[in-house]
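Okay, everyone, thanks for coming. Let me pull up the model and talk you through pockets, rings and a few annotated sites.

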Amino acid sequence: MRCNRVKNRIHTLKKERAGLTFIRITLILAIISFSGCAGWDTNETGLVTDKAMVVTAHPLTSEVGAAILRRGGNAVDAAVAVQFALAVVYPDAGNIGGGGFLVLRQQDGSVDALDYREKAPGNAHRDMYLDAQGNVITELSFKGHLAAGVPGTVAGMVQLHQKYGSMPWAELVQPAVELAAKGFPLTRKEAKKLNDERSDFIKYNTQRPAFILQDRWREGDTLRLRELAYTLARIRDQGRAGFYEGETAARIVAEMERGGGIISKEDLAAYRPVWREPLRGQVGDYQVISMPPPSSGGIALLQLLNIAQNYPLEDWGWNAARTAHLMVEAERRVYADRARHVGDPDYYDVPVAGLLDTAYIRSRMRDVSLDRATDSDAVAAGAPAPPESPNTTHYSIVDPEGNAISVTTTLNSSFGSKVFVGGAGFLLNNEMDDFSVKPGHPNSYGLVGGEANAIAPDKRMLSSMTPTILEKNGQLHLIIGSMGGSTIITTVYQIILNVTVHNMPMQGAVNAGRFHHQWKPDWILCEWGALGFGTGLKMWWRGHRIAPKSGGIGRAAGILVRPDGRLEGGADPRGDDAAAGF
Ligand code: DON
């Protein structure tokens, strides 16, 4: 038996030697790295408050949200104010030119979910990123005007406010107008990001944006965004019409004409967000409430948590080899399902119930060995029962009444398409890259897909965003979400396990090192120090390939309701994130 294992290992090594030298090099680098770095403190407790908490990607936006709550606004009011403020001070993901998803739970226990995802323009078509030979034209779906979907953020915020807001709309947009008009100091990380993107901002813009007025940005420099302030003022004064009609819409269409994009006046006028029934699932003591399609996040998270509850992960220990191996094997299968079965439910019959059926989920794990990694090529999507009928940022908020909101919003990658709407001062998303531009062709996150996520006019592209709320024994327990493209799902999954299985405080659970597997490519992305040296070695022995991920996996924002009813914030140390509250 042992001899067979050694033979198998030697066979695998020979294969790797033949064609995968670079993977072996990254593996060695990874193992070396595991021994050197302990990661962040998993026992750390974050900010604890009595009544209200806001956790966002930037200290200024957390303060904007907390100030709204102090003035008597509810969680939704704070969320609207934070969304617009993020569009100013955190422009790599905060946005008005992108979209997002949110899940909310009111203090009476009722829940709702809003899909304000971008849509493909009406003139989009299935092969729009292919050349005459059917080959993918690199970058066309990722940078520049053609990469942009029709933005959903402003319409989403208007809908959210109309249904659940309590303060006047203008008062919620005003903090963002002021931040843009007066300017704000750049953090070290933001200054670096603006410098790193300088050449793309020059290359992809038809008019020079404010972001490149200076040669090099430095920490503490004031960034003033006058054109954006005027656009936000139009949104403040006219609501939806301040973006989808009139001057802003005309500027978007003019930008498209100058840069060869296809978003039209009609696309803007027709955009509508959609209220959706949140996905719910009981996992042990916890009721998980998360985002349904067109995000894959809720389905994948519920599948992963359902699998995890069948194994004694607490006894095995956090990030012990057996725990990590089991989680990776589950992720491999769940992401294979995602690639095959999930897309915009308005265009494709997503077998949601089949994918979440407990017997189906259990059947997916039947061929898992606890000793050997499965080859992803040997794993295909499952066959769930068919339906009966037909650079992102996350923020979490709890208000003094106990209303909670979990919001993930994005331009897709950092600074989206890199295209600013000339004269309007905001960036457009590059969300078209989240479609499967050609079956089997990986997108920028390495995700593959097929028919379910093919491009069609007005269709929403598949997402991994996973805004989530957990109840414990019927009470609000955890608000969580993250950025990170395909790694969002596994980031949220790991943080939930860290809290509910490994008993970490909120901050410790967010700090804890992360790893990620998404079926294809067939390797584990691993933060420096996330797995100890021993675990790394044992995983390698089981046949896993490990690639170190510098710069971190995901950036999460969580709030935990402690047993005494107080709130603990978990702000991600991977960014400038901050918690604020009272
Ligand atoms: O919707 C999605 O899944 C992606 N557009 C999210 C992008 C993201 O998280 C960027 N951060 N790295």
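So, the second largest pocket: its volume is about 420 Å³. This is a predicted model, where local features need pLDDT of at least 70, side-chain atom pairs count only at pLDDT 80 or more, and totals for chains, interfaces and linings use all residues. Residues are numbered from 1 along each chain as its sequence is written, and side-chain values use heavy atoms, with hydrogens and water left out.

For the grid people: on a 1 Å grid over the protein atoms alone, a pocket is an open set of points with protein on both sides within 12 Å along at least five of seven lines, a cavity is a set where a 1.4 Å probe fits but cannot get out, and lining residues have an atom within 4 Å of a point. Points are joined across faces, edges and corners, and the volume is the space filled by probe spheres set on them.

Who lines that pocket? There are 23 residues, and Leu 476, His 477, Val 561, Arg 562 and Gly 565 are the closest to its centre. The elements giving two or more residues are β13 (475-480), β18 (555-561) and β19 (567-571), with β13 supplying the largest share, three residues. Strands here are DSSP runs of E, at least two residues, and helices are H or I, at least four, numbered from the N terminus.

On to the rings. We get 11 aromatic pairs, meaning Phe, Tyr or Trp rings (the six-membered one for Trp) with centres within 6.5 Å; planes under 30 degrees apart are stacked, over 60 edge-to-face, and the rest tilted. Take Phe 84 and Trp 169: their centres are 5.7 Å apart with planes at 90°, so that's edge-to-face. Phe 84 is in helix α4 (residues 75-89) and Trp 169 in helix α6 (residues 169-182), so the pair ties together parts 85 residues apart in sequence. Both are buried, which is under 20% relative accessible area, with exposed over 50% and partly exposed in between, using a 1.4 Å probe and protein chains only.

Phe 211 and Phe 415 are edge-to-face too, with centres 6.3 Å apart and planes at 85°. Phe 211 is buried at 3% relative accessible area, and Phe 415 is buried at 0%. Those two join Phe 201 and Phe 420 in one aromatic cluster.

Last bit: the unreviewed UniProt entry puts a "binding site" at several residues, including Thr 410 and Asp 434. Positions are in the numbering used here, feature names are shortened, and annotations may be inferred rather than shown by experiment. Both Thr 410 and Asp 434 are in the lining of the largest cavity. Thr 410 lies in strand β11 (residues 404-410) and is buried, at 1%.
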